[in-house]
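Here is a short walk through one protein model. Keep the sequence and the 3D view side by side as you read.

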Amino acid sequence: MSHDSRTALRICPLCEATCGLTLTIEGATVTGARGDRDDVFSRGFICPKGASFGGLDNDPDRLRTPLVRVDGVLREASWDEAFETIAARIPPLAEEHGAQAVGVYLGNPNVHTVAGALYPPLLLAALGTRNVFTASTLDQMPKHVSSGLLYGDAQAIPVPDLDRTAHLLLIGANPLESNGSLCTAPDFPGKLKALRRRGGTLTVVDPRRTRTARLADRHVAVRPGTDALLLAALVQVLIEEKLDEPGALAGHLDGYGELADAVADFTPEAVAAACGTDPDTIRGTARELAAAPCAAVYGRIGSCTVEHGTLASWLVDVLNILTGNLDRPGGALFPLSATARAPRPAGPGKGFALGRWRSRVSGHPEAKGELPTAALAEEIETPGQGRIRALIVVAGNPVLSAPDGDRLERALAEHLDFMVCVDPYLGETSRHADVVLPPPPPSRSAHFDFALNSLAVRNQVRYSPPAVPLQDGEKDESEILARLVLAVGGVHDAPPGAVDDAAVADALARAGAPASLAGELTGRTGAERRLDLMLRLGPYGLTLEQLLAHPHGIDLGPLEPRVPQLLKTRSGRIELFPAPIAADLPRLREALGTRPAGLVLVGRRHLRSNNSWMHNIASLRGGSNVCTLQIHPEDAARAGLADGDRARITAAGGTVEAPAELTDSVRPGVVSLPHGWGHGRPGTRLSVAAREPGVNVNQLLDGTLLDPLSGTAVLNAVPVTVTPSA
């Protein structure tokens, strides 16, 4: 280390594991990153993404100044000019055409920044629009909906107690590649290996023999899209064989009696052909789950982004409930983050409702205040009152992440009057913007995991101040979003701190706390003052000063039971068989008789990648992080493909071509393309990604297939044809 080098701590923002990093910094440049061995949560674990923090931070393709479109061309502009342009365009447009003429899309990285957590709700409030779309309807919305229906709170998502469980059933999850999702757990691979070492059992349900599946005691290679059928059969076996024992939850359940009748048709024999799994395997899995001293069932994106995603998410929790493993150590528990609202007395709540409004064109019901991202293009291009004429995209790239990106791209280019993107890159979506607002590199930003701490497998709290000062011309992301709130609200001349002051006053009023508490808050920025307030009002009564005094974090202990206090249903109980679920079950029964006539497509994730935005980091390219079509040798032979041949993949949304990778890690009848590729479009500034652009798997989708309860796009188990490229 040179004499002018120093180190700084930083929580990694590059996936949901939230590992602690120790950065090496020379001047204002991050030159290295390693795991922080003293971090109370991650204990030194690091993955390739975290190790490449400096490469991302220093990427020469990152935008350093705002861009404003003048005479059809994006050019560099000052921050004042950028916000003046927004203020001159969006408020008049909304006044002329109504609030619904402005749409908002929020991407996945919002979960990974302080600003992304604190300011989008204020942006939506300032706009007053219901045209809200997020990455959730391309990922986890089924889990939010099922949690809302079961517990009355769409954010009450139980996570597996990885450190104490004796039996873990994973369905549609590959945490050795993803590092975990809706389950914040640094060193997920190490936790699975520890489970095995202490004599526990790991069962993985996945059509691919993933790295996680290879670690398992039992790998069930289910046919894609049949997760809900398999889970229903497991529930049926538990009830039929009287293996169900909810334990301490028994007095908090409504709908138990109706559940038995509802799943009676889903016997292992009835689902076996559709699932491609023999009945004995299903019965054995159910019996092992029931016999374990403690167990947890955990389902993720493979079970969410399918036609029955909400039913599958619901059945995951039903299994945990029936085996007595929900809300008990070693099972699946509800984390309690330091910025959560302080616990209230148990009792009935407001409940959770679906379909409070519907989309203008196709009448899709809202879920958790959001409309399906798959409907965004039609809401922009279809004439009529309420058409989206302006779009604000914060940390998102729906041209690659949503179905039929070509259609969405045409809508952005040809039908929008105005578009704003908050994005560090000129990418496939942001290249269509009229104003691009680039946040600074992550080393220059504070970090706190508001959302992900509420999904952590151990209660803890950590805060990272900026490791490097802002450079000339850079603005903090919190200031950028605060000024955006002011600009769309028609008061862009007000100081950004006014947004935070108003948010603090509102939070104090909602909590019934004295207004004088605002004067006691510490912090260098408005965002830090708001964090300090949330900590003070939270369940542990912490302060920002305490976090700063513990740079490696504060351990708040293992997860503990929280039922019935957390329940917000109208009954004050767990509503085991809610009406929307009951209404959707006939659709699942119809699936008992369906069989795919040909190949079906599933996605996959790479450890060295994260959705569509990390392919521009040279150190993360290569290895397994390549865009290939994985296909079983038997299917390849029938299609006339050899390893490395160009394959042509066609589905309802279009055709793409990719090199064939022959492997028996996918079951026959299944092919797999990774998500997030397709960087070959002109007009972007992604020099590394453009050299090996790959293809956009979501272009194979036409956006018509959705899980009806959650509005989530069907991204997996999609019928395709595969032929040699001409």
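Where is the place of Phe-266? Phe-266 sits in the loop between helix H11 (256-262) and helix H12. Bear in mind that this is a predicted model.

Is Phe-266 buried or exposed? Phe-266 has a relative accessible area of 0%. Buried means under 20%, so Phe-266 counts as buried. Next, look at what touches this side chain and its backbone. Neighbours within four places in sequence are set aside here. Phe-266 is then in contact with Leu-229, Ala-232, Ala-233 and Gln-236. Val-271 is also in contact with Phe-266. So are residues much further along the numbering: Leu-585, Leu-588, Arg-589 and Leu-592. Leu-673 makes a useful landmark. Phe-266 and Leu-673 are 407 residues apart in sequence. In space, their C-alpha atoms are 31 Å apart.

Now step into helix H12, which covers residues 268-275. Which residues of H12 are buried? They are Pro-268, Val-271, Ala-272, Ala-274 and Cys-275. An α-helix has 3.6 residues a turn, so residues three or four places apart point the same way. The buried residues of H12 pack against two helices: H10 (227-240) and H13 (279-291). Just after H12 comes Gly-276, with a positive phi of about 70°.

Turn next to the start of the chain numbering. An open sheet there has 3 strands, in the order S1-S2-S3. The pairing is antiparallel. Strand S1 (5-11) and strand S3 (29-35) stand at the edges. Each has a single partner strand, so one side of each is left without a neighbour in the sheet. From one strand to the next, the twist averages 30°. Strands of a sheet pair through backbone hydrogen bonds, either parallel or antiparallel. S2, residues 20-26, pairs with S3 over 6 bridges. One pair to find is Ile-25 and its bridge partner in S3, Val-30.

Move on to strand S4 (residues 67-70) and strand S5 (residues 73-76). How many bridges pair S4 with S5? There are 4, in the antiparallel sense. Val-70 stands opposite Val-73 in S5. S4 and S5 form a hairpin with 2 residues between the strands. In that hairpin, Asp-71 takes a positive phi near 55°.

S4 has another link. Strand S17 (residues 435-437) is joined to S4 by 2 bridges, and the two run antiparallel. Here Leu-67 has Val-436 of S17 as its bridge partner.

Terms used: Residues numbered from 1 in each chain as written. Predicted model: local features only at pLDDT ≥ 70, side-chain atom pairs only at ≥ 80, totals over all residues. Heavy atoms only, no water. Pairing = 2+ DSSP bridges. Axes fitted to C-alpha atoms, helices over the stretch in contact; angles between N-to-C directions. Buried < 20%, exposed > 50% of the residue type's maximum accessible area, 1.4 Å probe, protein only. Contact = heavy atoms within 4.5 Å.
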